[in-house]
Amino acid sequence: MPTAPRDPADAERPLPRHLQPGDGWVECDCGRRHWGLHGAAGLLLGRVDAHGVVRDVVLQHRAPWSDQGGTWGVPGGAVAPDESAQVGALREAREEAGIAPDDVRVVGQRVLDHGPWRYTTIVALTAPGSDLAPRATDAESVEVRWVALDEVADLDLLPAFAQAWPDLRALLEGAAST
């Protein structure tokens, strides 16, 4: 089983209880380190109203002990060596937020590519007829809930998600209107 490298800054952060293939830190060319030996992925899931307009998205309030803890972002994590980004994002969304793949209709993706490491945001809408009630299903989340589109930017967002939010919102809204 792989182990996650530790450094003194990690002393107060517990390791995930069950490390999976792909779990671990990558020292990136950008000067930061990122979680996911084979990259990472997350799910941005939007819910549309009866008129086909996206009204809210599922967000995760990250546990204080996690990397950039206390911030809000999408459910996600390390991609396993044999997974696509989409499969990894859907698996993580199930593990962290109780989102079943059958409740999701993938409509696009956005990739942040750092060369040796990449993060893929899978953009999706709830499947027709889905009555999804996301919830925190593991210790990595303080809370998981629907957040109104116009309230997302008011939260303390994970910095990379905050930077990507305008493009992700446009992608989500564009997909809903087609």
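I take buried to mean under 20% relative accessible area. By that cut-off F161 is buried, because its value is 7%. I am working from a predicted model.

**Entry 1: confidence**

I looked up the pLDDT before anything else. The mean for the protein is 84. Of its residues, 89% reach 70 or more. Which strand has the highest confidence, and which element the lowest? Strand β4, residues 54–62, is highest at 95. Strand β2, residues 33–35, is lowest at a mean of 73. I also noted residues 1–16, where the pLDDT is below 50. Beyond near neighbours in sequence, that stretch has 25 contacts in the model.

**Entry 2: the aromatic pair**

I searched for paired rings. The count comes to one aromatic pair. The partners are F161 and W165, with ring centres 5.7 Å apart. Their planes stand at 50°, so I log the pair as tilted. Where do F161 and W165 lie? Both are in helix α2, residues 159–176. They are four residues apart, about one turn of the helix. W165 is buried at 6% relative accessibility, and F161 is buried at 7%.

I then checked W146 for a charge over its ring. R47 lies over the face of W146. The distance from the ring centre is 4.1 Å.

**Entry 3: the nonpolar cores**

In soluble globular proteins, nonpolar side chains tend to be buried together. I went to the largest nonpolar core, which has 19 residues. Which residues touch the most other members? They are L44, V57, L59, V152, F161 and W165. Both rings of the aromatic pair are thus on that list. β4, β8 (118–126) and α2 each supply at least two residues of this core. α2 gives the most, with six residues.

I followed L44 further. Leaving aside neighbours within four places in sequence, its contacts include V57, F161 and W165. L168 and L172 are also among them. So are V74 and a run of residues T121, I122, V123 and A124.

Apart from the largest core lies another, of 16 residues. Its members include V58, L90, A93 and A124. A124 is also a contact of L44.

**Entry 4: salt bridges**

How many salt bridges does a search of the whole structure find? It finds 10. I looked at three of them one by one.

- R91 bridges to E92, with the closest N and O atoms 3.0 Å apart. R91 is partly exposed at 23%, whereas E92 is buried at 7%.
- R118 meets D113 at 2.8 Å, N to O. R118 is partly exposed at 39%, and D113 is partly exposed at 44%.
- E143 meets R145 at 3.0 Å, N to O. E143 is partly exposed at 31%, and R145 is partly exposed at 29%.

R91 and E92 also belong to a network. Salt bridges link them there with E83 and E95.

**Entry 5: three single residues**

I looked up R62. It lies in strand β4, the strand with the highest confidence. Is R62 buried or exposed? It counts as buried, at 18% relative accessibility. R62 touches D67, Q68, G69, G70 and T71, among others, not counting residues up to four places away in sequence. E140, V142 and L158 are also on its list.

R32 came next. It sits in the loop between β1 (25–27) and β2. R32 is partly exposed, at 38%. Which residues does R32 contact, leaving aside neighbours within four places in sequence? They are V26, E27, D67 and Q68. D67 and Q68 are on the R62 list too.

S141 was the last residue I checked. Its place is in strand β9, residues 141–148. S141 is buried, with a relative accessible area of 10%. Leaving aside neighbours within four places in sequence, S141 contacts Q60, H61, A63, E96 and A136.

Technical notes:
Residues are numbered from 1 along each chain as its sequence is written. This is a predicted model: local features need pLDDT of at least 70, side-chain atom pairs count only at pLDDT 80 or more; totals for chains, interfaces and linings use all residues. Side-chain values use heavy atoms; hydrogens and water are left out. A salt bridge is a side-chain nitrogen of Lys or Arg within 4 Å of a carboxyl oxygen of Asp or Glu. Buried means under 20% relative accessible area, exposed over 50%, partly exposed in between (1.4 Å probe, protein chains only). Rings of Phe, Tyr and Trp (its six-membered ring) pair if their centres lie within 6.5 Å; planes under 30 degrees apart count as stacked, over 60 as edge-to-face and the rest as tilted. A charge sits over a ring if NZ of Lys or CZ of Arg is within 6 Å of the ring centre and within 35 degrees of the ring normal. pLDDT is the predictor's confidence in each residue, from 0 to 100. Contact means heavy atoms within 4.5 Å. A nonpolar core is a set of buried Ala, Val, Leu, Ile, Met, Phe, Trp, Tyr and Cys residues joined through side-chain atoms within 4.5 Å.
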